[in-house]
Amino acid sequence: MVKKIIHIADLHIRTIQLHELYKEQFEKLLKEIIAAGLVSPRKMGELEMYSPLDREILEIIRKFSDLGIDVRNLKTLKRQAESEVSIYETKIQPILMRKNPTSKAQAEDMLDDLIELGEQLRSTLVEVAARSFRGNRQS
């Protein structure tokens with residue numbers, strides 16, 4: 001019985017050590033992500049608050065990091081997203097300028113459509129670009 005207790009205590013200590021190591025790695029990654037401008041936490045006193053979208057971005061970047069993709073390389077994807085949105089802005093901005101009370105809803109609907117089309121096109125273009133790595137599979 002004593003050996004089991006010691007064994008369980010040893011596992012608990014190892015778990016805490018792994019947790020601390022993971023926490024340190026995540027904190028380092030988080031600092032890199034913030035420095036790269038990929039998320040911007042809002043300060044509330046000493047606390048840093050993250051929106052649901054920020055948390056989603058953090059989780060996706062963590063997965064990229066687990067696969068060996070550096071944060072600095074992901075900045076390119078953010079710049080591409082910002083460029084894409086500036087293209088959409090040229091289409092929705094004139095609608096937002098109208099005095100029509102339904103203009104905002106029309107612009108938001110158009111933006112949703114543009115975002116969806118952009119996601120579809122980007123996904124397809126990446127598949128085409130990655131074709132050479134897929135061997136004999138045809139895309």
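This passage describes the fold, the nonpolar core, selected residues and the largest pocket of a predicted model.

The protein contains four helices and two strands, and, read from the N terminus, its elements follow the order α-β-β-α-α-α. Of the 139 residues in the protein, 14% are buried. The accessible surface amounts to about 11600 Å², and carbon and sulfur atoms account for 61% of that area. When contacts between residues at least 6 apart in sequence are considered, 34% of them connect residues that are at least 24 apart.

The largest nonpolar core consists of eleven residues, namely L29, L30, I33, A36, L38, V39, Y50, L58, I61, V71 and L74. Two or more residues of this core are given by each of α1 (2-35), α2 and α3, and the largest share, three residues, is that of α1. Within this core, V71 illustrates how its members meet, for, once neighbours within four places in sequence are set aside, V71 is in contact with L29, E32, I33, A36, L38 and I61.

Two residues of helix α1 can be described in relation to L58, which is itself a member of the largest nonpolar core. The first to be considered here is F26, which is placed in helix α1 and has a relative accessibility of 29%, so that F26 counts as partly exposed. Although F26 and L58 are 32 residues apart along the chain, a distance of 9.8 Å separates their C-alpha atoms. The other residue is I34, likewise located in helix α1, and I34 is classed as partly exposed because its relative accessibility is 29%, a value that lies between the 20% limit for buried residues and the 50% limit for exposed ones. In sequence I34 and L58 are 24 residues apart, while in space their C-alpha atoms are 9.8 Å apart. Apart from neighbours within four places in sequence, the contacts of I34 are with V39, P41, E48 and Y50, and of these V39 and Y50 belong to the largest nonpolar core.

The contacts of two further residues, M49 and D54, were also examined. M49 is part of strand β2, which covers residues 47-49, and, with a relative accessible area of 35%, M49 is partly exposed. If residues up to four places away in sequence are not counted, M49 touches P41, R42 and M44. D54, by contrast, belongs to helix α2, which comprises residues 52-66, and D54 counts as buried because its relative accessibility is 10%, under the 20% limit. Beyond its neighbours within four places in sequence, D54 is in contact with V39, S40 and R42. R42 is thus found among the contacts of M49 and among those of D54.

Helix α4 comprises 27 residues, from 103 to 129, and its length can be checked against expectation. At 1.5 Å a residue the helix should span 39 Å, and because the C-alpha atoms at its ends are 38 Å apart, the value found in the model agrees with the expected one. The buried residues of α4 are S103, A107 and G118, and the cover over these buried residues includes α3, which runs over residues 71-97.

Helices α3 and α4 also take part in the lining of the largest pocket, to which α2, α3 and α4 each supply at least two residues. The volume of this pocket is about 960 Å³. Its lining is made up of 23 residues, of which L77, K78, Q80, A81 and R122 are the closest to the centre of the pocket. The greatest contribution to the lining is that of α3, which gives nine residues. Helix α3 is therefore described here in three settings, since it gives two or more residues to the largest nonpolar core, it helps to cover the buried residues of α4, and it contributes nine residues to the pocket lining.

Technical notes:
Residues numbered from 1 in each chain as written. Predicted model: local features only at pLDDT ≥ 70, side-chain atom pairs only at ≥ 80, totals over all residues. Heavy atoms only, no water. Expected span 1.5 Å × (residues − 1). Buried < 20%, exposed > 50% of the residue type's maximum accessible area, 1.4 Å probe, protein only. Contact = heavy atoms within 4.5 Å. Core = buried A, V, L, I, M, F, W, Y, C linked by side-chain atoms within 4.5 Å. Areas by Shrake-Rupley, 256 points an atom, 1.4 Å probe, with all protein chains shown as cover. 1 Å grid on protein atoms, 1.4 Å probe; cavity = no way out; pocket = protein on both sides within 12 Å on 5 of 7 lines; lining within 4 Å. Points joined across faces, edges and corners; volume = space filled by probe spheres on them.
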